[in-house]
Amino acid sequence: MISQWQLRAAFAARLSDMYGREVPAYTTLVDVSREVNEDVLRAQGADAERLGSISRVTAERHGAIRVGTPGELQQVARVFGALGMHPVGFYDLREAASSAVPVVSTAFRPVDGDELARNPFRVFTSMLTPADPRFFDADLRSRLETFLAGRELFPSELLALADRAEADKELPDADAERFLQLAVQAFELSTEPIDKAWYETLEKVSAVAADIGGVRSTHINHLTPRVLDIDELYRRMTERGIEMIDTIQGPPNWKGPDVLLRQTSFRALAEPRALRTPDGNVISGALRVRFGEVEARGIALTRDGRTLYDHLLALVDEQAALHPDGGPPCSSEAESLGEDRTELSRALWAEHVPGSEHELATQGLAYFTYQVAPGRPRDGRHPPTGLGELLEQGWVRAEPVVYEDFLPRSAAGIFQSNLSGEGSRDNDQEGAAYDSAWLSGAIDREVLDPFALYEQQQNHSLAQVARELDLDGALG
């Protein structure tokens, strides 16, 4: 019998192999990530593994897919449910992007600590929003919904096997092999000719909309290895002649603790695709939709920590907007502005963000798990009752909780950086309402709150500390 985590690990590995065959630059990205990780491990030793063992980091991947309807998203949830992956978080990329990105998203991932340690595979899954009149007028919405209703992304055999795996938490060998074959095939790039006129109609709205609603299948949009030094990876990829996007999304590279998530990617590549013209002929064309992303993960921030992060983003935006050049910069100016923005971000972080894990913990800005220290005082003193004092006096030690989720603005920034144009968006129209509760109903399973998951993990460890030290009341 093959357990869910083994299915998940095998699926992630096969998907990575498939994507590497389809997008060779992704294989280069994985190779360079491995080289950087090995170098960081040699240089830093055990400190390099503070946010995850090197075996976990090396195996770690997240993928991204795009679907068109709530029904398709519900089927995706069944496929990933077979792998022990749950929908976590709601991301509205329509609001996070300045250009036209008409999608809302969630991420499917394991939620149990042991499951994450075995294989933390995640899939960032976006769904098109045809009901949003800012992007789609009534006629285009009707045509788009009719097109989406007429396609099938996942065969019934795959969904039946997925439901069995989710219910039984495992599959027999032969069924597991069949499930993996069908699941990987479902995310391969189709060779079926694309209706050129229909694709271009959607592309005027958004390249993302065309990639979702302009084809009769779905595919992996990008795969993402994890790296321990994303700045060094960016430099090495550029040296190899791989064109990277202009920036690294997320917090700046600074002297304090790594928090949340930093991401970058190489630019979407022109891939040959068969296009059907209005007269019925099939011609050879090229589309730019897929790319290779890489990430560096830090410590999960609490709600207060995220409020501070969002405040600093707004400050950077506000101060960067004061730059005297208001027009679109040329490439050299863009690079200069990017450097200026990075220095501004770094300075604001040094001013406003605590510079140590200890301060993040005592100020309640980041999540940690807590353990009674093996070498705690043995002189008969009763331990203090406050978490800060317990840490300060060596009774308890804190281990950072890795941020397992995503940042809407960073995801939108990656999407935007790989678009060929801004698309169109009518901001005079009222946007359609989507939220986490709506998404939970649409896929018939609860979209989990990431903050609640981290808090539960932290509180469980604090309760254990209180029991071991015989403390009255809750720590926090």
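This report goes through the overall build of a predicted model and then zooms in on one pair of strands.

## Overall build

The protein has 476 residues, and a compact globule with that many would have a radius of gyration near 23 Å; the value here is 23 Å, so the two agree. Laid along its principal axes, the C-alpha trace covers about 90 × 65 × 45 Å.

As for secondary structure, we get 19 helices and 14 strands. Look at contacts between residues at least 6 apart in sequence, and 76% of them turn out to link residues at least 24 apart.

## Inside and outside

Buried residues make up 51% of the 476 in the protein. The exposed area comes to about 21,000 Å², with 47% of that supplied by carbon and sulfur atoms.

On the charge side, there are 48 positive and 76 negative charges in the protein. Their mean positions sit 3 Å apart.

## Strands β13 and β14

Now for the close-up. Strand β13 takes in residues 368-372 and runs antiparallel to β14, with five bridges joining the two. One of the residues to look for is Val372, whose bridge partner in β14 is Val396.

Strand β14 itself spans residues 396-400. Val396, Ala398 and Pro400 form its covered face, while Arg397 and Glu399 are on the uncovered one. Why the every-other-residue pattern? Side chains in a regular strand alternate between the two faces of the sheet. Val396, then, is both the bridge partner of Val372 and part of the covered face of β14.

How values were computed:
Residues are numbered from 1 along each chain as its sequence is written. This is a predicted model: local features need pLDDT of at least 70, side-chain atom pairs count only at pLDDT 80 or more; totals for chains, interfaces and linings use all residues. Side-chain values use heavy atoms; hydrogens and water are left out. Buried means under 20% relative accessible area, exposed over 50%, partly exposed in between (1.4 Å probe, protein chains only). Helices (H or I, at least four residues) and strands (E, at least two) are DSSP runs, numbered from the N terminus. Two strands pair if DSSP finds at least two bridges between them. The radius of gyration is taken over C-alpha atoms; the globule rule is 2.2 Å times the number of residues to the power 0.38. Contact means heavy atoms within 4.5 Å. Accessible areas come from the Shrake-Rupley method with a 1.4 Å probe; for residues, only the protein chains shown count as cover. Lys and Arg count as positive and Asp and Glu as negative; His and the chain ends are not counted. The place of a charge is taken as NZ of Lys, CZ of Arg, CG of Asp or CD of Glu.
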